[in-house]
Structures are given as C-alpha cells and as structure tokens.
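Here's a quick walk through a protein model, written for someone who likes cut-offs spelled out. Have the viewer open as you read.

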Amino acid sequence: MGERYVKEYSVCCPRTLQKGKHQVEYAKATCTRVPDTLLHFHCTINGKCKDCERDYQE
C-alpha cells in the first residue's frame, strides 16, 4: 500500500444543515490510473454517521 495522507473537507450536513468537517484518510495509489484507496472516514458532526462516506469512494 502507498503513502497515507489525510484530507479535510468543509461540509454542510444534508440532514441537519449544520456546518462541519469530513476528515478522510487515503492511501496513495501506486498507479495513476486507479483512485487512491479510502482508509478511514470521520464526520465531525456525527462520528457514527456513514451516509456521506459514499461520496468519497470511487
């Protein structure tokens, strides 16, 4: 697996309309033709909610 990195995205929750952040950890792909692998997803509004995680998976 490649190098790991974290990206943070500012979001507005579609359910509660609260502002928050999504923190997404990826593993860098070894080939440019495939997307980086999502390793971990966390929402600062509701850490147990996984609904938005699908938006970051390709």
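What follows goes through the sheet, the core, the cysteines, the salt bridges and a couple of single residues.

## Ground rules

This is a predicted model, so local features need pLDDT of at least 70, side-chain atom pairs count only at pLDDT 80 or more, and totals for chains, interfaces and linings use all residues. Residues are numbered from 1 along each chain as its sequence is written, and side-chain values use heavy atoms, with hydrogens and water left out.

## The sheet

Start with the strands (DSSP runs of E, at least two residues, numbered from the N terminus; helices would be H or I runs of at least four). Three of them make an open sheet in the order β1-β2-β3, with antiparallel pairing; two strands count as paired if DSSP finds at least two bridges between them. β1 (4–12) and β3 sit at the edges with a single partner strand each, so one side of each has no neighbour in the sheet. On average, neighbouring strands are turned by 20° against each other, direction ignored (axes are lines fitted to C-alpha atoms, for helices over the stretch in contact, with angles from 0 to 180 degrees between N-to-C directions).

As for the ladders, β1 and β2 are joined by nine bridges, while six bridges join β2 to β3. On the β1–β2 side, Tyr5 has Tyr26 as its bridge partner in β2, and Cys12 is matched with Lys19. On the β2–β3 side, Glu25 pairs with His40 and Gln23 stands opposite His42.

## The hairpin loop

The hairpin of β1 and β2 has six residues between its strands. Leu17 lies in that loop and has a phi near 65°, a positive value in a residue other than glycine. That's worth a glance, since most residues other than glycine have a negative phi. Leu17 counts as exposed, at 64% relative accessibility; here buried means under 20% relative accessible area, exposed over 50%, and partly exposed in between (1.4 Å probe, protein chains only).

## The core

Which residues form the largest nonpolar core? There are eight: Val11, Val24, Tyr26, Leu38, Phe41, Cys43, Cys52 and Tyr56. A nonpolar core, in this usage, is a set of buried Ala, Val, Leu, Ile, Met, Phe, Trp, Tyr and Cys residues joined through side-chain atoms within 4.5 Å. The elements giving two or more residues to this core are β2 (19–27) and β3 (37–43), and β3 supplies the largest share with three.

Core member Cys43 also touches Lys21 and His22, leaving aside residues up to four places away in sequence (contact means heavy atoms within 4.5 Å). Ile45, in the segment after β3, is partly exposed at 27% relative accessibility. With the same sequence neighbours left out (up to four places away), Ile45 touches Cys13, Thr16, Gln18, Lys19 and Gly20.

## Cysteines without disulfides

How many disulfides does a search of the whole structure find? Zero, with a disulfide taken as a pair of cysteine sulfur atoms within 2.5 Å. For Cys12, the closest cysteine sulfur is in Cys13 at 7.3 Å, too far for a bond. For Cys13, the closest one is in Cys52 at 6.0 Å, which is also too far. Cys12 is partly exposed at 46% relative accessibility, whereas Cys13 is buried at 15%.

## Salt bridges

Side chains of opposite charge can pair when their charged atoms come close. The rule here asks for a side-chain nitrogen of Lys or Arg within 4 Å of a carboxyl oxygen of Asp or Glu, and the count comes to three. One is Glu25 with Arg4, whose closest N and O atoms are 3.5 Å apart; Glu25 lies in β2 and Arg4 in β1, so the pair ties together parts that are 21 residues apart in sequence. Glu25 is partly exposed at 22% and Arg4 is exposed at 55%.

Lys21 and Glu8 meet at 4.0 Å, N to O, again with one residue in β2 and the other in β1, 13 residues apart in sequence. Asp51 and Arg15 come in at 2.1 Å between the closest N and O atoms. That pair links the segment after β3 to the loop between β1 and β2, 36 residues apart. Asp51 is partly exposed at 31%, and Arg15 is exposed at 62%.
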